[in-house]
Every structure is written in structure tokens, then in C-alpha cells.
Amino acid sequence: MRFPFEMVMDGQGFTPSRPVFHFVIQGSVRSRSAYCLLDTGTPDVFVDAGVAAEAGIDLTNAEPIGEFALEDERCTGRRVNATCVVTDGRDEIELPAVPVTFVTPWPSKRQFAGVLGTLGMEHMRVTVCAKGQWIDLSDEPS
């Protein structure tokens with residue numbers, strides 16, 4: 001699936017073209033489709049905790065993550081293994097058992113609901129073309 005870079009604001013007010021795609025979180029139901037930033041510079045997967053609630057994922061017994069800064073805002077997280085689904089509206093790539101940190105509160109200035117780090121990319125091939133301003137994500141079974 002090929003996704004064009006999109007003009008997306010970060011928490012600093014900077015609005016560059018960025019590698020984003022649509023994803024959903026699968027729990028007892030599917031969350032709404034939301035923007036996710038592809039971030040090859042972090043191993044972690046961060047998602048707005050509101051997406052967990054939409055997907056019916058109970059975070060009560062999830063591993064607590066202490067306070068940390070995200071876009072200069074203080075937040076906390078709860079980590080669970082979750083299924084992330086990359087979608088272009090027709091095709092899907094399922095990323096099973098990804099360690100996801102659901103963040104509260106999600107930084108208010110961010111225009112995307114998740115960040116997919118390398119722990120979430122282990123089941124797919126990722127091609128980034130910065131010059132052409134696109135990313136290609138394809139299924140790559142283990």
C-alpha cells in the first residue's frame with residue numbers, strides 16, 4: 001500500500017510533509033481509522049488512549065508506564081500487546097501482538113493519533129521515498 005506524505009503539524013507547530021498512514025486498533029471492536037506517523041527513529045509504538053477505549057481494550061491491568069514528556073507535554077501510559085491494522089480503505093496489513101503504549105493525555109497539538117515505531121514494523125516491509133514524498137507498506141510474514 002502506498003501512502004503519500006501529508007502536511008501534518010507536530011507538537012511544536014511545525015507542519016512539514018510527513019510519512020503518515022491510516023490505522024485501526026483491533027480490540028473487542030475496531031477503533032476508528034486514524035492517522036499514524038511512521039517513525040523509524042523510535043522502537044516504541046504510542047497511541048492516544050482514547051483509541052484503546054474505542055476498540056474496547058481494557059487498560060486496567062496493563063503495564064503502567066511512568067510519567068514522560070511527549071512534545072513537551074507531561075503524560076503517562078499503559079502498555080499492552082495489541083493488534084494494529086494498517087489500511088488504505090481496501091487492503092489491510094495486520095500487525096499482531098505489538099507492544100503499544102496508550103498515552104494519556106495525548107499531546108493536544110498533534111494532528112495524528114499514533115506513532116508506529118520499529119517494534120510495530122516487524123511484520124511488514126517499509127519503503128520510504130523522501131524525494132518522491134511517499135511510503136510503501138507491504139505484508140512481510142516472519
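**Contacts inside a predicted model**

Student: Which residues does Leu116 touch, not counting residues up to four places away in sequence?

Tutor: Please keep in mind throughout that this is a predicted model. Contact here means heavy atoms within 4.5 Å. When residues up to four places away in sequence are left out, Leu116 touches Phe21, Cys36, Leu37, Leu38, Asp39, Asp44, Val45, Leu95, Met121 and Met124.

Student: How many residues does the largest nonpolar core have?

Tutor: Leu116 is listed among the residues with the most contacts inside this core, together with Phe21, Ile25, Ile57, Val86 and Phe102. Two or more residues of the core come from each of strand 4, strand 5, strand 6, helix 1 (49-55), strand 8, strand 9 and strand 12. The total number of residues in this largest nonpolar core is 33.

Student: Which element gives the largest share of this core?

Tutor: Strand 9 is one of the elements that give two or more residues to the core. The largest share is 5 residues, and the element they come from is strand 9.

Student: How many residues does the second, separate core have?

Tutor: This core is separate from the one just described, and it includes Val8, Val20, Leu70 and Val103. Its number of residues is 12.

Student: Why is the pair of rings of Phe3 and Phe21 called by the name it has, and what is that name?

Tutor: The search of the whole structure finds 2 aromatic pairs, and in this one the ring centres are 6.1 Å apart while the planes stand at 50 degrees. Planes under 30 degrees apart count as stacked and those over 60 as edge-to-face, with the rest falling in a third class. Because the angle between the planes of Phe3 and Phe21 is 50 degrees, the pair is tilted.

Student: Is Phe21 buried or exposed?

Tutor: Phe3 in strand 1 and Phe21 in strand 4 (residues 20-26) are 18 residues apart, so to speak of the pair is to speak of a link between distant parts of the chain. Phe3, at 6% relative accessibility, counts as buried. Buried means under 20% relative accessible area, and since Phe21 has a relative accessibility of 1%, Phe21 counts as buried.

Student: Which residue forms a salt bridge with Asp136?

Tutor: A search of the whole structure finds 7 salt bridges, and in the one that involves Asp136 the closest N and O atoms are 3.9 Å apart. Asp136 lies in strand 12 (residues 134-139) and its partner in strand 1 (residues 2-4), 134 residues apart, and the pair thus links distant parts of the chain. The partner also lies over the face of Trp134, at 3.5 Å from the ring centre. The residue that forms this salt bridge with Asp136 is Arg2.

Student: How many residues apart in sequence are the parts that Glu63 and Arg79 tie together?

Tutor: Glu63 forms a salt bridge with Arg79, the closest N and O atoms being 3.4 Å apart. Glu63 is partly exposed at 43% relative accessible area, and Arg79 counts as partly exposed at 28%. Because Glu63 lies in strand 7 (residues 63-70) and Arg79 in strand 8 (residues 73-87), the pair ties together parts whose separation in sequence is 16 residues.

Student: Which residue's side chain is joined to that of Arg79 by a polar contact of 3.3 Å?

Tutor: The residue in question lies in strand 9 (residues 92-104). It is buried, with a relative accessible area of 2%, and it touches, among others, Val45, Phe46 and Gly77. The residue whose side chain makes this polar contact with Arg79 is Thr101.

Student: Is Thr42 buried or exposed?

Tutor: Thr42 has its place in the loop between strand 5 (34-38) and strand 6 (45-48), where a polar atom of the Thr42 side chain lies 3.2 Å from the backbone nitrogen of Asp44. Leaving aside neighbours within four places in sequence, Thr42 is in contact with Val115, Gly117 and Thr118. Since the limit for the lower class is under 20%, the relative accessibility of 16% makes Thr42 count as buried.

How values were computed. Residues numbered from 1 in each chain as written. Predicted model: local features only at pLDDT ≥ 70, side-chain atom pairs only at ≥ 80, totals over all residues. Heavy atoms only, no water. Salt bridge = Lys/Arg side-chain N within 4 Å of Asp/Glu carboxyl O. Helix = DSSP H or I, 4+ residues; strand = E, 2+ residues; numbered from the N terminus. Buried < 20%, exposed > 50% of the residue type's maximum accessible area, 1.4 Å probe, protein only. Polar contact = N/O pair within 3.5 Å; in protein donor to acceptor, adjacent residues only side chain to side chain. Phe/Tyr/Trp six-rings, centres within 6.5 Å; stacked < 30°, edge-to-face > 60°. Lys NZ or Arg CZ within 6 Å of the ring centre and 35° of its normal. Core = buried A, V, L, I, M, F, W, Y, C linked by side-chain atoms within 4.5 Å.
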